[in-house]
Amino acid sequence: MYTNTDLSLINALEVLGMGRTSLGLKWVSEKENEKDENIYLALEQADKLEAKAVYFRYFSNENRPPRPQIYIYEEEGVNADQNIGADTHHKLWNAGIVPYCFIFSVSEFLVFNCGETPDGWNKESEQFTTNPHDIINLASNVQKKIQQYHARQFDSGLFWDSDTSKNFKYRQSAYEQLLIQLKNAKNHIIETVGHNKALLVKRVLMMLILLKYLEDRRDEEGNSALRPEEFYKDYNPKNPTLEGVLENSEKFTAMLSELSSKEHFNGQIFRLTKEEEEELKEVKLNVFQLFVRGDASIFPTPKQGLGELTLWRLYQFNYLPIELISHIYEDFLANKNGKKKKGVVYTPPYLVQFLIDQNMPLNIPKEQFKVLDPACGSGIFLVGAFKRMIQWWRVKNNWITPTKKNIDDLKNLLNENIYGCDLEKEAITLTYFSLGLALLDALSPKEIWGNVHFDNLIEQNLYAGDFFETLQEKKLPVDFDLVIGNPPFDSNLTSNAATISESASKENPNRPSVPDNQIALLFLEQSFNLLKEQGTCCLILPSGPLLYNTKVHEFRKYLFEKHYFKSVFDFTPLRAKLFIGSSSSAKPAVVAILAEKASPNGNALQHLIFRRTKASSEKIEFEIDHYDIHWTSYNQALTMPEIWQSNFMGGGRLNRVVEKLSERANLETFLEERINNNNWKVAEGWIESPNAKGVSKVRYLSNKKELTTEEEEEFEKLKSKHEASWITGHPFIETNDLTENGIEETNRCTTKYFYRSAKRNKEIFQPPHLLVKESVTGNKIAVVYSNQYLTFKDQIIGIHAPNKFKGELKKLKNYLSNSYNVALMWLTSAKMITSREAVANKIDILSLPYYEENLKLNSIEKILLDDILKYYSEFRKRGEKSKILNSTEKSDLNDFGSIYCEILNSIYDDFKSLTPVIGKEFIAYPFVLGDKPEIKLPDTIDKIEEKLKTLINHQVSYNLWVKRIIKAYQKNVIILYKPNQKRYWLKSIAVRDADETLADLYRQGK
């Protein structure tokens, strides 16, 4: 234990496990010696923010780049009362690069959560005030506090599951908070100016934001990209500021005209039409002056303001990422009504970066690499791709910083390699400007003004209009290395899309039609036509239409037979978190595919499923578990429509269960046969809809004291249509009163008029009948057999059969009551996996396998289905709050060991489980063949936990981590090393581990 109060920084870091021997600690001063391109860039960025060192979470391998977790600073005389670190915290909060920073002094360090807003502003000193979120005395005996911030917590990712990180919220980031503030300000300004000028207000505000961006971007010497005092003085010599220019609409439009000249931004983003210029003259510009000043009065209520701060003091574009511009676009330039187009989902930057890393690795620079985004929106994918190309250029040029001598090189990269299409003209304009900002971002601000002239990319590289019309007109090259993006998810083909689809079917009569007119699937199919051979397609697509909806299987099979689908990154479990932010409430279930324009040649496809954890929910990094990496054979992908559901629920032997299901007729087929041949009746109950036109009218007439002749005729006609004597006055059960345990309460139906009364199928209310509740929220389907006359609403399915079929009805009731049916629905229902509610419905129930004899399940299959019911279904619904992420209990380990040995002993006869060794973060579970181990078994794993972390936590790319498991085979002993978390020690996981062990032993010839 350190007790010396004169600890050096390196010794202080040693206490936290970040010292001399740590792989994760990198010194900024040593960046020139760094061989790893990703680490070099990260240290360069840290240098700009004056950090002394960076602690990375990473797997030590040249091709697996790390992720910065902590910036480390050193200050003399650190004292929380002196507000040390407030300015640093403010910059890092704006930059959003690292979650935490540590500021060290002689014997203690301050911890700052870089995801939290600065506490306030001191008017007297004109400085930010921020209290540290923790103060750690390194020389004290408070080991518990030190352990909370120990390196192993960050290395393993367990920090993000701890109470210490609970205050880190993506919603509090500068990126998100600024979007919220801008949205509030915009809405209030529109209210002030008038909704008839909403579009003009949004256009002007967007321009002002871009100008603030250019003003804020400064180099080490304080030079900005746009030098206000020089540029604005021609328009207001007395007040050479943007606020000053806004004193007069003519001066403002003249300034915009200059910015639109070829000498500057080439007439795209800063140009107002003549109509807009005239309209601007009718607006009092003082409201825009207040916006530029960041004055609190631009907010609707004081609560939405910033207190003593102004908007542009708190938020600084010098540190905020340029991708922010794309997200501001979502709200400011969506459409005339301020609403997003249906089917359009904007992509969060961390997902963009993940996919760029997958397709354009930093350590494999390319000379020429042509990229297309076919639905580019405001250009966030193209900006990411262009930034990577600039980084490649720097790698090949020994990391030089581009100057005015290199501007043409960078512009050539842009002109020759970056292409995009979008239906919205304004989106293309923003893409053009965002790419320009990416170019400016690579240069020192002093190199920009007067040296950078933007080439006009619009209608050269960037096309406004329907992507499919662009294809018809053959405007795009057909030699792209990468097509990447996030196309719209509409179930509606544009006229041009329909024409392209029809042409594709004529060229290939065996081509299935696009399911449900899902336009994203047509984007996918047509993107391959623009790739060179071996080129890659990487699109974000709705997971239901691509994977989980079995009705699209034929179209999917058609695509899989033509091209090599390498990987599916399945973000379905993250649907409630992935796209949620200040500018989006979208919750689509999505996947990202990675496919080559090449023959599949029978290659297997990798299906990776990203579960909800704290780290992924708060957009820190993607993590994936060993058990969520599934290699799906080419044959399975072509012949098993439900293979993706099987993978989602655990994979392995579940595939055989799915095969069993596909061999059986379903309940819907059985009932159709009985309806057609045995006079059964199957239908939903009645619908009241009191506000429906006919129902409300007959009610009105029934309450009227005197009716005209015409009204009497109408009343009689409506009564005959909406009355139902087979419902009114009869026993009735509310939908919620039908439960897994039976009918809780029965009432008399007092309703007299109905929108739909099941007239053609009124026998469903007659006994004998089954009542089946459509929504399944528990572990069983709510179903009852009844010999009483009962009426019910449309959320209940009624199944009536003649008396001689009573036995069949009871048998069907017993079948539906089996809890395994809910697990089976998770294996067959697209909606349960992809929808927000994750609740089974009528279609799912009718899709259950059924015929006379019950489905025979063996003991292993029952284990797999039990875990779906107990754990995986809840994991899908509750994510990071589910019990599957709790620590392992003794009973879990006992059950695991028993099942693991049972399966091994189907071959070897004599495996036994020994006592598990439980460490701080991991568990070592030994198994012996025979009576006695031939090696000495560990009684503790404390000394090897650090090594386990580097082996188990495997980094695949910058923001993708895989948690592996370790199986150690030595003489007659097998030891499993896995994290101490319930999900790694489930009974179903014991089955999968045992199967993998048997395969390992077979390969070893044992």
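Visitor: Which residue follows α38, and what is its phi?
Guide: This is a predicted model, in which local features need pLDDT of at least 70, side-chain atom pairs count only at pLDDT 80 or more, and totals for chains, interfaces and linings use all residues. Residues are numbered from 1 along each chain as its sequence is written, and side-chain values use heavy atoms, with hydrogens and water left out. Helices are DSSP runs of H or I with at least four residues and strands are runs of E with at least two, numbered from the N terminus. After α38 comes G1005, with a positive phi near 75 degrees.

Visitor: How far apart are the end C-alpha atoms of helix α38?
Guide: Helix α38 covers residues 987-1003, which is 17 residues. At 1.5 Å a residue (times one less than the number of residues) the expected span is 24 Å. The modelled distance agrees with that, at 25 Å.

Visitor: How many of the 17 residues of α38 are buried?
Guide: Buried means under 20% relative accessible area, exposed over 50% and partly exposed in between, with a 1.4 Å probe and protein chains only. The buried residues of α38 include R992, D993, E996 and D1000 as well as I989, V991 and L998. The helix is largely enclosed by the rest of the structure, because the number of its residues that are buried is 12.

Visitor: Which elements do the buried residues of α38 pack against?
Guide: Contact means heavy atoms within 4.5 Å. The buried residues of α38 pack against two helices, α35 (859-878) and α36 (890-904), and against the strands β18 (629-632), β33 (966-970) and β34 (973-979).

Visitor: What includes α35 among the elements covering its buried residues?
Guide: The helix in question spans residues 654-662, and its buried residues are L654, N655, V657, V658, K660 and L661. Its cover includes α25 (634-639), α26 (643-648), α32 (820-828) and α35, and the helix is α27.

Visitor: Which residues have the most contacts inside the largest nonpolar core?
Guide: A nonpolar core is a set of buried Ala, Val, Leu, Ile, Met, Phe, Trp, Tyr and Cys residues joined through side-chain atoms within 4.5 Å. The largest one has 246 residues, of which helix α7 (residues 198-216) supplies the largest share, 13 residues. Those with the most contacts inside this core are M255, F288, F291 and F571.

Visitor: What does M255 touch?
Guide: Residues up to four places away in sequence are not counted here. Beyond them, M255 touches L211, F231, Y232, Y235, L242 and V245.

Visitor: Is R511 buried or exposed?
Guide: R511 is in the loop between α20 (495-507) and α21 (519-527). Leaving aside neighbours within four places in sequence, R511 is in contact with S501, A504, S505, L522, E525, F555 and Y558. Its relative accessibility is 5%, so R511 counts as buried.

Visitor: With which side chain besides S505 does the side chain of R511 make a polar contact?
Guide: A polar contact is a pair of N or O atoms within 3.5 Å; within protein, one must be able to donate a hydrogen and the other to accept it, and residues adjacent in sequence count only if both atoms are side-chain atoms. The side chain of R511 makes one such contact with that of S505, at 2.7 Å. Another, at 2.7 Å, is with the side chain of E525.

Visitor: What is the angle between the planes of F354 and F569?
Guide: Rings of Phe, Tyr and Trp (its six-membered ring) pair if their centres lie within 6.5 Å; planes under 30 degrees apart are stacked, over 60 edge-to-face and the rest tilted. A search of the whole structure finds 42 aromatic pairs. F354 and F569 form one that is edge-to-face, with 5.3 Å centre to centre and a plane angle of 85 degrees.

Visitor: How many residues apart are F354 and F569?
Guide: F354 and F569 are both buried. F354 is in helix α15 (residues 349-359) and F569 in strand β14 (residues 564-570), so the pair links distant parts of the chain, and the separation in residues is 215.

Visitor: Where does P768 lie?
Guide: The peptide bond from P767 to P768 is cis, with omega near -5 degrees. P768 lies in the loop between β23 (747-748) and β24 (769-773).

Visitor: What is the relative accessible area of A758?
Guide: A758 is in the loop between β23 and β24. A758 has a positive phi of about 55 degrees although it is not a glycine. A758 is buried, with a relative accessible area of 9%.
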